[in-house]
Every structure is written in C-alpha cells, then in structure tokens.
Amino acid sequence: MNILHLLRQRFAAALDGLIDQPQSYLDLVLPSQDPRFGDYQANCAMPMAKELKKSPREIAAAIVHRLDVADLCDPPQPEIAGPGFINLRLKDGWLSNQLMKMSHDRDRLGIASADSPKTYVIDYSSPNVAKPMHVGHIRSTVIGDALYRILRFLGHRTISDNHLGDWGTQFGTIIFGYKHFLDVEAYREAPVEELCRLYKLVHQLVEYHDAKKTGLPELEARIAEQRREMEPLASALDGLEKPERKKTQKKMRQAEARLAELEEDLAAIQDRIAGVENHPTLRALAESYPDIGQQVLDETAALHAGDKFNTSLWNEFLPPCLEAIDGIYQRLGVSFNHTLGESFYHDRLASVVEDLKARGLATESEGATCVFLDGMDAPMIVQKKDGAFLYATTDLATIAYRVETFQPDVILYVVDHRQSLHFEQLFAAARKWGHESIGLVHVRFGTVLGEDGKPYKTRSGDAVELEGLLDRATERAYQIVCENDATRQIPILSESERRRIAEQIGIGAIKYADLSHNRESDYIFSYDKMLAMNGNTAAYMQYCYARVNGIFSKGDVDIDASRSRGDAIQIGHPAERALGLELVRFAETLDRVVADYRPNHLTAYLFSLAGRFAEFYEACPVHNAPDDATRHNRLLLCDLVARTIQLGLGFLGIDVVERM
RNA sequence: GCGCCCGUAGCUCAGCUGGAUAGAGCAGCGGACUUCUAAUCCGCAGGUCGCAGGUUCGAAUCCUGCCGGGCGUGCCA
C-alpha cells in the first residue's frame with residue numbers, strides 16, 4: 001500500500017470540479033517533514049488560490065470540505081494551518097490495519113506490483129575482460145544490480161545485460177604479449193594471472209613509447225607555451241585600472257594553477273619513463289620493440305579481420321577471463337540475464353553504418369563517417385578514417401538489437417558521468433535513427449575518490465583492483481567481529497561463523513557506502529566510515545537486524561506462530577506509532593527510488609527506520625511488556641522491522657546476519 | 001574557448017516536483033549497562049546553504065551574473 005498514492009487519489013476526487021488541471025496539484029501532497037504538521041500534508045491550496053483568485057485558506061477549506069478521508073485520517077484533521085497547509089494525521093486504527101496486512105504478506109510486505117508494468121533493459125557493470133576489475137566498476141555494478149532487483153520486485157519485466165568489453169585493444173595487447181613474452185609454465189599454472197601480467201607489461205611498454213614519442217614533448221611544449229602566455233599578463237598588470245586589473249590577476253591565478261597541473265603531469269610521465277629505463281629488463285624490451293604500440297593495434301585489427309590464429313587465441317583467453325570475473329560476481333552476489341559483450345555485435349557494425357548512410361543520417365567528414373546532431377558541435381563518429389568502428393557504433397548496434405529482441409520501454413545505462421556527452425549523442429542519434437518511443441536514460445554516477453579527495457588510485461597511479469578492495473574490507477570486518485565477540489563473557493561465534501559474518505559485513509559495507517550516497521556526486525572511499533557501527537552504514541543496519549533477532553532467540557519466540565495468531569497490531573506508545581508509520585512507508589520509498597533511479601533514498605529510509613526502532617527499543621520493552629497482548633504487538637512490530645530490513649538490504653544486494 | 005556537473009556544520013554527506021524552525025554520522029562536551037546485543041541509546045553545542053541580484057504567499061531547491069572546484073570537448077572506451 002502506497003499511502004501517498006492513496007491520499008493523492010482522494011485529493012484527485014476532491015479537486016475534481018474545483019479546478020481545471022487538478023493533476024499538477026496532486027504532487028503537492030507530500031509526507032510532512034515535521035510530526036507537528038501531521039503525517040502528510042497537502043500544499044496545493046496556495047498555488048490554487050492564485051489561479052482561482054481567492055484566499056488560500058478559503059481554498060483549503062473548500063478542499064477539506066470536499067475531501068473524503070474519514071476512514072484514513074483522524075478528526076478534527078485534516079486541519080488547515082498557516083497560509084493554507086492541509087495537515088493530515090493517519091488514524092491509529094487504520095495504521096494498525098495496514099501493519100496487519102504487511103505482517104500477513106509473507107513475501108511482499110504489502111507492497112503492490114506496478115499497475116502498468118514496463119520492460120526495462122539495464123546495462124551495467126560492463127568491465128573490460130582482459131584486465132582485472134577495479135574500483136571503477138563497483139558503482140556501476142552495485143547501483144545497476146540494486147535497480148534491477150527493485151524494478152523486478154515492483155513487477156516490471158527487467159532484463160540485465162552485462163555489456164562486456166571483450167573485443168577492444170586490450171585483447172590486441174594480450175595477444176601481442178602472448179606471442180612475444182609468454183611464460184609458458186606460469187600460463188599453464190594460472191592463465192588469468194599470466195595474461196594480466198602480459199597485459200600490464202605490454203601496456204607499460206606501449207605507454208613508455210607513447211610518452212617518449214608524443215606525451216613528453218607535447219607536455220613540454222604546452223608548459224613552455226603556458227609560460228609564454230603568462231609573461232605578458234605579469235608585465236601588463238602595472239598599467240591597469242581596478243576592474244581590468246582584477247581580471248588579469250584572476251587570469252594569472254588560473255594560469256599558474258594550470259602550469260602547476262602540467263608540471264605535475266610532467267613529473268608523472270617522467271616517473272613512468274624512468275620506471276622503464278631504470279629497470280634493465282624493461283629497458284631492453286622497450287628497445288627491442290620500438291613499434292609496440294602499432295603492433296598491438298595490428299594484432300587487434302587482425303583479430304577483427306578474422307585472422308585465424310588471433311581468433312583462436314581470443315577463444316582460448318576468453319573463458320578463463322570470464323571465469324575470473326564470474327568469481328568476483330559470485331562474491332558480490334551479482335548475476336545477469338545476459339552477457340552480450342562488444343564481440344557479440346561485431347558483425348552488425350558495418351550494416352549499422354550502411355543503414356545510417358542510406359538514410360542520410362551519416363555523412364563523410366574529414367575521412368570519417370559521422371552523424372551530425374542538432375545543437376551539438378562535435379559529430380558522433382561511427383567509423384574512423386581507417387575503417388575501424390568505435391564504441392558509438394557498437395552502442396547503436398546494441399540499441400537496435402535490444403529493441404528487436406526485448407522490445408523495451410526503457411533502457412538504463414548505469415555508467416559514470418564522464419560519458420554524459422557520449423550518451424547525449426548516442427540518444428540523439430538513436431532517436432534520429434527511428435528509436436523515438438523508447439526511454440533511453442543515462443543513470444550516471446560520480447567518481448570514487450581516495451581520502452585525499454582525488455580519484456582513488458594506488459600510490460603508483462594504477463587503478464585499485466576490486467578483489468583486493470573486497471579482501472581488505474572483509475579482513476577489517478573480521479577484526480571487528482572478533483574483537484567484539486571477544487569482549488563477551490562467553491564468545492558466541494565459531495571461527496567459520498566469524499569468517500562468514502565478516503564477508504557479509506565487509507561486502508555489505510562497500511555496497512552500502514556506494515548506494516547510500518547520492519549517485520550523482522563523487523564520494524570518498526573510506527574503510528573506517530563504511531564499517532562504522534554508527535551512522536548510515538550496512539553494519540549498523542545488520543546490527544539492527546541482529547538485535548531484533550536477539551529478542552526472538554532470547555525469548556524463545558516462534559515468530560511464525562505469532563504472525564498467524566491473527567490479532568491486530570495495536571498502536572499504543574508514541575514510539576510504536578512512529579515505528580509503525582515508518583514501516584508503512586516502505587512502498588512509497590521504493591517508488592521514489594525508481595522515479596529517478598536513486599538507491600540512496602532506500603538507504604535513507606532504512607536508516608530512518610533503524611532510528612525509529614532504536615527509540616522503540618529503548619522505550620518499549622518486549623519481553624517485559626506490561627501484558628501479553630502488548631508483548632505480542634511488539635513482537636510483530638519487531639518482526640516487521642526485521643523483514644523490512646531484510647527485504648530492503650536484499651534490494652541492495654546485501655545479506656542480513658542472524659547474529660554478529 | 002565551448003558544454004555539463006558541483007559548492008550545505010570543523011570533516012564526510014542527506015535534503016523529494018519550490019513548503020512551515022535546513023538534517024544525519026564523525027570529531028567535541030555531558031549523560032545512560034544487575035533489565036531483549038552498550039557494536040547501542042539520549043542530551044548539548046555547532047549553519048550568511050559560495051557571493052550578489054531576480055522570480056513569489058514561500059527559495060538550499062527555479063532564473064541571471066560573479067567567485068571557486070570537477071569533468072568532458074572530431075577519429076580511446
């Protein structure tokens with residue numbers, strides 16, 4: 001039961017005939033932010049008053065007069081307050097009823113399926129197959145998985161598709177490495193590790209030559225130019241009057257900042273070069289393969305052209321790579337309906353470009369085939385002048401395939417915000433191409449930062465590998481679990497239980513930290529914060545669940561039997577009411593999450609629920625309740641809390657633990 | 001240069017489509033374990049919502065300008 005929907009329906013009936021376009025005013029029925037203003041409030045009287053040219057309080061009175069909520073709300077409510085707010089307070093009896101319904105609904109806690117189910121394709125995770133997954137993949141994976149679970153629960157046809165990077169230059173890189181630097185023994189022992197080593201080695205050599213050939217000279221030139229640009233600014237400063245002077249000073253500051261940045265880049269690139277040159281083996285390799293960059297591209301091109309040997313290598317490499325990635329997905333508890341990587345679309349790309357050309361959408365420009373888009377400066381390039389296709393081409397082919405295969409209403413792309421422009425172009429091009437009716441949404445997210453506020457990297461500047469991240473989080477969780485259990489008079493957890501709980505807490509911590517932030521903003525990755533027992537963390541929610549569970553096991557409660565007793569859940573104590581009201585709001589929270597694809601609304605809800613539970617826990621003893629009926633009531637409330645947390649964390653892909 | 005995004009407590013972050021006195025956690029201060037997990041809870045203190053205008057019954061939220069930061073910007077993904 002979504003209370004907001006219900007109330008809006010009632011208001012729709014009340015507003016009908018009172019004003020021309022009631023629909024837009026219904027959105028102004030909202031949860032109250034302060035309990036003194038009731039549980040819900042309607043703020044529509046004020047804007048309506050303007051349209052109808054009457055006083056807001058007069059309008060509010062008219063609305064209240066026509067509003068039929070006698071079954072839902074306490075008299076003398078709805079009351080009119082301030083300039084014309086209509087405050088609604090739900091009847092305790094009605095709340096009790098709703099709680100009862102939730103309690104009896106084993107699987108869905110009273111949450112209805114969508115009235116009009118849609119088909120969603122969700123594109124998320126999408127790692128490169130040839131390299132280890134790194135920190136940049138968690139957000140996409142975790143947010144996408146949460147949206148998938150929630151949409152599916154709400155009754156939508158939901159299709160997850162992991163659009164793997166399995167066809168790009170990274171394969172040319174390892175193919176080249178395999179042909180020239182393979183350690184046969186190591187490959188037999190642990191193929192994925194050896195391929196990773198090859199990738200890193202070849203990549204390092206390619207970067208080295210790039211840096212020497214173009215990167216370094218270009219940077220040096222830019223630094224020199226930056227210095228030249230700054231000279232006249234400094235000397236011009238003297239003769240200037242106030243406003244101009246200020247502007248010039250600002251330009252100076254900006255130029256200095258840019259220069260400092262460039263010099264930092266220079267130091268980094270010099271480090272990289274030195275890393276190879278100071279290493280005798282690497283240095284020798286670099287000297288032996290001066291054209292390694294081009295050779296890698298050639299290997300990639302040969303693969304794409306169907307070269308037999310390269311294709312056989314690709315077929316050999318892919319399974320163990322996928323297996324390694326699957327290992328991480330298993331640990332994360334993430335799975336996909338489809339895993340259609342770039343390679344799947346390879347033989348469709350030429351016809352996409354042909355079709356675009358035939359329809360006059362794509363044209364030749366500076367040797368490349370481009371789709372020019374209204375209002376955008378840069379075109380979307382779908383074929384390079386050397387004939388190769390780009391990810392824009394693959395993405396278009398993917399849209400076409402998904403449309404014909406799944407007939408989706410909406411395709412969600414859970415991809416970081418730096419690709420906003422790409423998706424803007426892609427969506428515009430797709431619409432021109434004829435896919436006007438499907439919703440294409442870039443569910444973008446910010447960068448994961450280190451504690452220094454810069455993108456999270458290792459000290460040497462490499463991406464942080466995901467596996468190590470998970471290991472470290474679970475290791476820290478293990479320490480916390482052990483320390484805590486050790487403070488008990490009699491420790492209650494076995495070693496294997498400690499390990500299992502630590503894994504659930506550690507993985508949960510990483511996921512929850514990610515999901516509890518507004519996805520659009522960057523966030524700082526901190527083990528201390530994500531594993532804290534206070535505040536909005538998975539561990540806190542898991543603790544809250546374990547506490548409820550503790551009540552049951554302490555009292556030797558058979559909660560299934562209690563549930564089926566059929567007595568109403570009575571609202572007595574204010575803390576019970578506040579808790580009950582929060583519980584009943586689960587449904588509207590999920591709708592809110594889905595409305596703009598923001599899982600952090602769910603974590604905020606769960607945290608707030610835990611807060612209401614903490615108050616209840618302090619104020620309302622369960623086992624020592626004044627009478628059996630109250631005890632029974634409170635047990636059922638506890639049960640609803642536990643199930644809401646379990647279901648809610650489950651939507652986020654996080655396990656609950658019975659004790660910790 | 002152009003485009004997109006961001007600026008909220010000392011720190012990390014919430015804040016719905018514009019609603020009433022802007023919220024959490026950490027850090028600080030003060031309290032609560034013979035009683036369901038104190039891994040907790042309660043209280044206090046802490047704010048010019050970057051700045052300046054504007055829109056209106058009402059602005060952290062919308063518009064304009066400025067200041068500060070991030071990202072992107074024709075053949076990588």
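In the predicted model, chain A is divided into three parts, with domain 1 spanning residues 3-90, domain 2 spanning 170-305 and domain 3 spanning 479-651. The C-alpha centres of domain 2 and domain 3 are separated by 49 Å.

The surroundings of RNA strand B comprise 66 residues, of which Cys370, Lys384, Asn484, Tyr543 and Met660 come nearest to the strand. When these surroundings are sorted by class, the surface near RNA strand B is found to hold 27 nonpolar, 17 polar and 22 charged residues. On the side of the nucleic acid, 53% of the atoms of RNA strand B within 4 Å of the protein belong to sugar or phosphate, while the rest belong to bases.

Individual polar contacts involve several parts of the strand. An N or O atom in the side chain of Lys384 is placed 2.3 Å from a phosphate oxygen of RNA strand B, and the side chain of Arg592 has an N or O atom 2.9 Å from a sugar or linking oxygen of the strand. For Met660, by contrast, the backbone is involved, with one of its N or O atoms lying 2.6 Å from a base nitrogen of RNA strand B. The elements that contribute two or more residues to the surface near RNA strand B are the helices α3 (45-52), α10 (242-277), α17 (466-486), α20 (538-554) and α24 (600-619), together with the strands β4 (85-88), β8 (368-371) and β13 (523-524). The largest share of this surface, seven residues, is supplied by α20.

Two further residues, His163 and Lys529, were examined individually. His163 is located in the loop that runs between β6 (157-161) and α7 (169-181), and this residue is classed as buried because its relative accessible area, 9%, falls under 20%. The side chain of His163 reaches the backbone oxygen of Leu340 at a distance of 3.3 Å. Apart from neighbours within four places in sequence, the residues in contact with His163 are Asp123, Ser126, Leu340, Gly341, Glu342, Tyr345, Thr394, Asp395, Thr398 and Arg402.

Lys529, in turn, is found in helix α19, which covers residues 527-530. With a relative accessible area of 63%, which is over 50%, Lys529 is therefore classed as exposed, whereas His163 is buried. Glu342, which is among the residues in contact with His163, lies 187 residues from Lys529 in sequence, and the C-alpha atoms of Glu342 and Lys529 are 37 Å apart in space.

Key: Residues are numbered from 1 along each chain as its sequence is written. Chains are lettered from A and ligands numbered from 1 in the order in which they are written. This is a predicted model: local features need pLDDT of at least 70, side-chain atom pairs count only at pLDDT 80 or more; totals for chains, interfaces and linings use all residues. Side-chain values use heavy atoms; hydrogens and water are left out. A residue is near a molecule or strand if one of its heavy atoms lies within 4 Å of it. A polar contact is a pair of N or O atoms within 3.5 Å; within protein, one must be able to donate a hydrogen and the other to accept it, and residues adjacent in sequence count only if both atoms are side-chain atoms. Helices (H or I, at least four residues) and strands (E, at least two) are DSSP runs, numbered from the N terminus. Ala, Val, Leu, Ile, Met, Phe, Trp, Tyr, Cys and Pro count as nonpolar, Asp, Glu, Lys and Arg as charged, and the others, Gly among them, as polar. Domain bounds come from an automatic or database domain assignment. Buried means under 20% relative accessible area, exposed over 50%, partly exposed in between (1.4 Å probe, protein chains only). Contact means heavy atoms within 4.5 Å.
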